[in-house]
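Let's take a walk through this model, one stop at a time. Keep the viewer open and follow along as we go.

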Amino acid sequence: MAEPLELKKTLNLPKTDFPMKAGLPQNEPKQLEAWHGGNIYERILETRKGKPLFVLHDGPPYPTGEIHLGTGLNKILKDLVVKTKSMAGHYAPYVPGWDCHGLPIETQVEKELGGKGKVPPADFRKLCRQFALRYVEQHKKDFKRLGIFGRWNDPYLTMSHEYEATIAGAFLDFMEKGYVYRGRKPVYWCLYDSTALAEAEVEYEDHTSPSIWVKFGAVVGGRGEAPKIGADVSAVIWTTTPWTIPHNRALAFHPDFDYVVVETEKGALLLAADRVAALQAECGIKEARVRATFKGRDFDGTKFQHPFLPIQVPGILADYVTLDQGSGIVHTAPGHGADDFNSGQKYGLEIYAPLDDKGVYLEGLPEYKGKDVFTANPIIVKLLADRGALLGNHAYKHSYPHCWRCHNPVIFRATEQWFIKMDQAAHGKEKTLRQEALEEIHGVKWIPAWGEDRMYEMIEKRPDWCVSRQRFWGVPIIVFYCEGCGKRLEDFKALRHVVKWFEEEGADAWYKYSSEKLLPNGTTCSCGASKWRKENDILDVWFDSGSSNLSVLKGAEWPADVYLEGPDQYRGWFHSSLLVATGVRDGSPYRGVVTHGWTLDEQGRPMSKSLGNALYPIEICEKWGADLLRLWVGSVEYQADVKMSERVMTQLSEAYRKIRNTFRFALGNLGDFDPSRDSLPNEQLDEFDRWMLDRTAELVKKCREWYANYEFHRVYHAIHDYCVVDLSAFYFDVLKDRLYTKAPGNKSRRSAQTAVWRIGSALVRLAAPILVFTAEEIWKYLPKTPGEPESVHMTLFPEAEALACGIAKEAAEKWERLAQVRSAVLVALEQARASKIIGGGLEAKVHLHAGSEATALQKLLEEKQSLLPALFIVSQVKVHSSAIPGSVLAETLPGLTIKIDRADGAKCERCWNYSTHVGENARYPKVCERCSEALAEIESSQVGAAS
């Protein structure tokens with residue numbers, strides 16, 4: 001007979017080359033190289049050919065500077081959407097894009113040049129293009145580092161020839177449909193950059209302005225009771241923009257408010273009755289005795305003397321007048337405000353704003369003419385004081401619009417601009433652009449749901465869209481004026497000829513060629529002239545990016561299934577895309593919109609370089625790895641603002657370690673497992689294993705639902721908890737004895753391995769969209785069946801139905817109950833350790849009894865008694881039919897009593913369990929009866945293999 005086996009060598013201890021230490025910062029770049037060298041993105045799409053299409057359309061960031069944490073959050077969220085849809089069985093392309101035109105690029109290039117106007121427009125555009133390309137390449141590299149798959153070798157760029165032609169064509173569509181007009185309206189104007197700004201290009205920052213109270217002397221006249229006011233009365237206005245006083249053309253009253261004349265030490269003053277106390281407080285007026293009361297409507301048409309100009313301005317009525325601030329009488333300068341402008345249109349007032357592009361007065365009194373508006377503020381305040389019209393003046397800190405790029409304060413200025421009319425119906429249609437866009441909003445799924453109301457309100461209240469900019473780096477507005485009579489060319493066939501030039505050479509053709517070259521031969525005006533002057537303005541960059549759906553989404557890809565961006569895009573890309581698509585294609589460009597929050601530091605402050613609290617994605621990758629950053633994105637409720645700090649990353653690294661170790665245990669116990677050879681069918685699995693597979697199937701079902709609803713944080717927490725609580729601390733812990741001590745080919749061990757393999761395969765696929773690098777690493781080590789893809793990202797999510805064993809409900813409930821018993825027993829074991837009754841769990845004998853109030857539990861314990869030692873990881877369990885002397889009542893299970901004693905018998909040198917049968921096997925005198933059986937099975941298999 002052969003020599004007895006060496007006991008230690010007969011144990012199936014875990015063995016795997018899957019490293020315990022992840023080394024993500026060092027190993028992820030190697031995996032990236034392998035992925036992109038092997039065309040992973042293209043291969044994934046190849047495997048999904050013919051599957052249902054799903055399109056996430058990428059909102060284009062500006063290619064300026066390094067990507068920040070907010071950009072990283074955005075791109076990883078998009079990648080989670082695309083990967084989850086792909087693994088759910090969709091053909092899910094991802095085409096990244098960049099918004100390459102506009103002020104951000106121009107500003108950076110001007111900095112590099114050392115100022116504005118240093119080179120001709122064509123050369124300037126070339127430099128802008130080079131700058132944009134430089135950062136596009138840097139961004140590509142950084143986004144790839146985050147494990148994001150996409151069409152990186154062919155992204156969409158708003159400065160590409162095809163895209164620029166699409167933008168120009170879209171503008172001509174709007175023009176041909178009758179939406180476009182040129183008019184003089186107040187728009188946001190940046191004095192530093194000398195250009196109009198869209199609402200989305202304005203940010204509100206703290207600013208200190210002069211707050212002044214000014215008198216306008218009443219001239220007898222008006223309606224109702226107004227003529228009785230008296231010639232000694234002055235109307236009071238309040239403003240924080242003294243520089244607009246020269247351009248005042250009316251005083252606005254609310255028709256329904258009460259107004260009073262009060263006698264004060266500073267004269268008889270007219271203002272809203274509810275604002276007298278504020279006037280006294282801010283202007284130091286001690287007494288204010290009411291002399292007369294009027295309604296606002298009484299002052300419709302009353303004349304008031306301008307404080308320093310030889311003009312009289314009328315009283316007008318307006319519903320936008322409020323009692324929140326000021327005097328209840330609004331200083332109205334139609335050239336410098338939206339409400340003012342609308343009132344000016346209604347009353348036929350002069351739209352007066354004689355400023356140049358730098359905000360310098362071109363007309364006016366010598367005191368301020370030739371000066372810019374902000375320099376003029378104190379001058380005009382002094383002028384008012386000298387004329388006896390200034391009642392009060394103090395510094396006022398408030399939120400004020402600033403240019404989003406140069407961060408200088410902006411003004412409202414009436415200029416000639418190109419607009420898209422919101423309340424105009426296209427030729428042949430009844431509904432206006434606004435009405436059509438509002439209708440489209442209701443057909444979109446908004447996540448969070450408040451997005452619908454936010455977008456509706458913005459479209460409902462927005463003014464006409466100013467689409468012209470006074471810049472060079474963008475798509476020119478294709479408009480020509482006859483040099484003979486000044487008439488605009490309205491031959492759209494001729495205008496679309498220019499679009500063909502853009503398709504071939506890009507928008508640079510506008511600056512490269514003459515009008516006659518760009519237009520078809522023989523293009524003449526009705527006056528007979530054939531010389532044309534080109535428009536100088538370019539299109540708003542939001543029109544550029546809003547046209548992305550027209551340029552990028554081909555055929556069935558339009559409309560996109562989802563847009564995903566931050567909350568600022570309700571006035572930005574979500575907004576402009578909806579208007580462009582509605583105007584050109586009569587529908588919304590998206591079926592769904594998902595919004596994420598802002599990234600904040602631990603104290604809830606926005607991250608910024610100036611505060612020194614910024615964390616950058618690439619820095620995080622270098623310290624912790626991209627998978628840890630992705631884990632953060634997957635763990636947070638991203639629809640709200642999200643916090644990030646080193647402490648957060650340290651906590652996540654611990655969570656990551658636990659997940660990784662769970663997979664490592666699984667891989668370590670599958671080293672000798674070939675699923676094609678060793679896996680067992682469901683009916684041959686142990687009931688405990690079948691129950692855990694059913695529980696895993698439930699997890700799969702829930703995770704797939706959460707992924708479908710973009711609830712990634714639910715998936716992360718469920719996978720984490722399942723790995724840590726259900727597997728590592730429970731199922732895998734219980735399996736150790738079976739996996740380590742049974743003969744390698746033992747049916748019970750193969751049952752455990754089958755379950756571990758199926759659970760591991762399911763979990764790694766569920767985790768793959770979040771932990772892209774780690775999941776790929778696990779997949780390499782996981783045993784596979786023939787034909788399975790080499791990359792986990794080419795696989796599909798597990799199917800809950802295929803994973804489930806269909807264990808009977810009653811049986812599942814029994815195991816749930818036994819798991820509760822186990823928890824109670826573990827508490828008792830810990831107390832026994834503390835009391836020095838036992839050292840470890842295997843030294844224990846557990847006594848159990850469930851009293852008369854828990855007869856079902858008693859019956860269950862008796863039924864499953866043989867399985868309980870393995871479940872509790874103890875040597876012996878005895879279920880008593882009557883009360884146990886010295887037992888303790890379990891706190892969590894009514895009726896259950898537990899007592900812990902030291903185990904009977906001797907310690908088995910192989911499995912370390914205690915047994916009264918140790919020593920009965922003459923060949924292996926130091927092992928228990930279970931190990932004797934395992935050793936006999938091992939020896940038998942070796943004999944069989946040898947023969």
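Start with a pair of helices: α6 passes α12 in a right-handed crossing. Keep in mind that what you are looking at is a predicted model. The residues that make this contact are H161, E164, A165, A168, G169, L172, D173, M175 and E176 on the α6 side, and F492, L495, R496, V499, F502, E503, E504 and E505 on the α12 side. To describe a pair like this, you want two numbers: two packed helices are described by the angle between their axes and the distance between the axes. Here, the axes of α6 (residues 161–176) and α12 (residues 492–505) come within 7 Å, and they cross at roughly 165 degrees. Angles over 145 degrees count as roughly antiparallel, and α6 and α12 are therefore roughly antiparallel to each other.

Now hop over to another helix, α17, which covers residues 573–585. How far does α17 reach from its first C-alpha to its last? With 13 residues, α17 spans 17 Å, close to the 18 Å expected at 1.5 Å a residue. As for its surroundings, 12 of the 13 residues of α17 are buried, so this helix is largely enclosed by the rest of the structure. The buried ones are W573, F574, H575, S576, S577, L578, L579, V580, A581, T582, G583 and V584. Right after α17 comes D586, and its phi is positive, near 65 degrees.

Since we're on backbone torsions, here are a few other spots to click on. H407 is not a glycine, yet its phi is positive, near 60 degrees. You'll find H407 in the loop between β14 (390–403) and β15 (411–420), where it is partly exposed at 39% relative accessible area. K836 also has a positive phi, about 65 degrees, without being a glycine. K836 sits in the loop between α27 and β26, and it counts as exposed, with a relative accessible area of 72%.

Then there are the cis peptide bonds. One runs from I447 to P448, with omega near 0 degrees. P448 belongs to the loop between β16 (445–447) and α11 (450–461). Another cis bond links W558 to P559, with omega near -5 degrees, and P559 is in the loop between α16 (548–552) and β22 (563–565).

Time for some strands. Strands of a sheet pair through backbone hydrogen bonds, either parallel or antiparallel. Strand β12 (residues 312–317) gives you both senses. With β7 (residues 250–253), β12 pairs in the parallel sense over three bridges, and there A252 has I316 of β12 as its bridge partner. With β11 (residues 303–305), β12 pairs in the antiparallel sense, over three bridges. In that pairing, K303 stands opposite P314 of β12. What joins β11 to β12? A hairpin does, through six residues. Is β12 enclosed or open to the outside? Five of its six residues are buried, so β12 is largely enclosed by the rest of the structure.

Further along the chain is an open sheet of four strands, in the order β27-β26-β29-β28, with mixed pairing. At the edges are β27 (876–879) and β28 (888–889), each with a single partner strand, so one side of each has no neighbour in the sheet. Strands β26 (residues 844–850) and β27 run parallel and are joined by four bridges; in that pairing, L848 has V879 of β27 as its bridge partner. Helix α27 (residues 809–834) packs on this sheet, touching β26 and β29 (896–902), and the direction of α27 makes about 40 degrees with that of β29. Helix α28 (residues 855–863) packs on the sheet as well, touching β26, β27 and β29. The direction of α28 makes about 145 degrees with that of β26.

One last stop: K736, in helix α23 (residues 712–741). Leaving aside residues up to four places away in sequence, K736 touches F665 and T741. At 31% relative accessibility, K736 counts as partly exposed. If you want a distance to try in your viewer, pick the C-alpha atoms of K736 and E137: they are separated by 50 Å, with the two residues 599 apart along the chain.

Conventions. Residues numbered from 1 in each chain as written. Predicted model: local features only at pLDDT ≥ 70, side-chain atom pairs only at ≥ 80, totals over all residues. Heavy atoms only, no water. Pairing = 2+ DSSP bridges. Helix = DSSP H or I, 4+ residues; strand = E, 2+ residues; numbered from the N terminus. Contact = heavy atoms within 4.5 Å. Axes fitted to C-alpha atoms, helices over the stretch in contact; angles between N-to-C directions. Expected span 1.5 Å × (residues − 1). Buried < 20%, exposed > 50% of the residue type's maximum accessible area, 1.4 Å probe, protein only. Parallel < 35°, antiparallel > 145°, perpendicular 65-115°, else oblique. Left-handed = near helix turned anticlockwise from the far one by under 90°.
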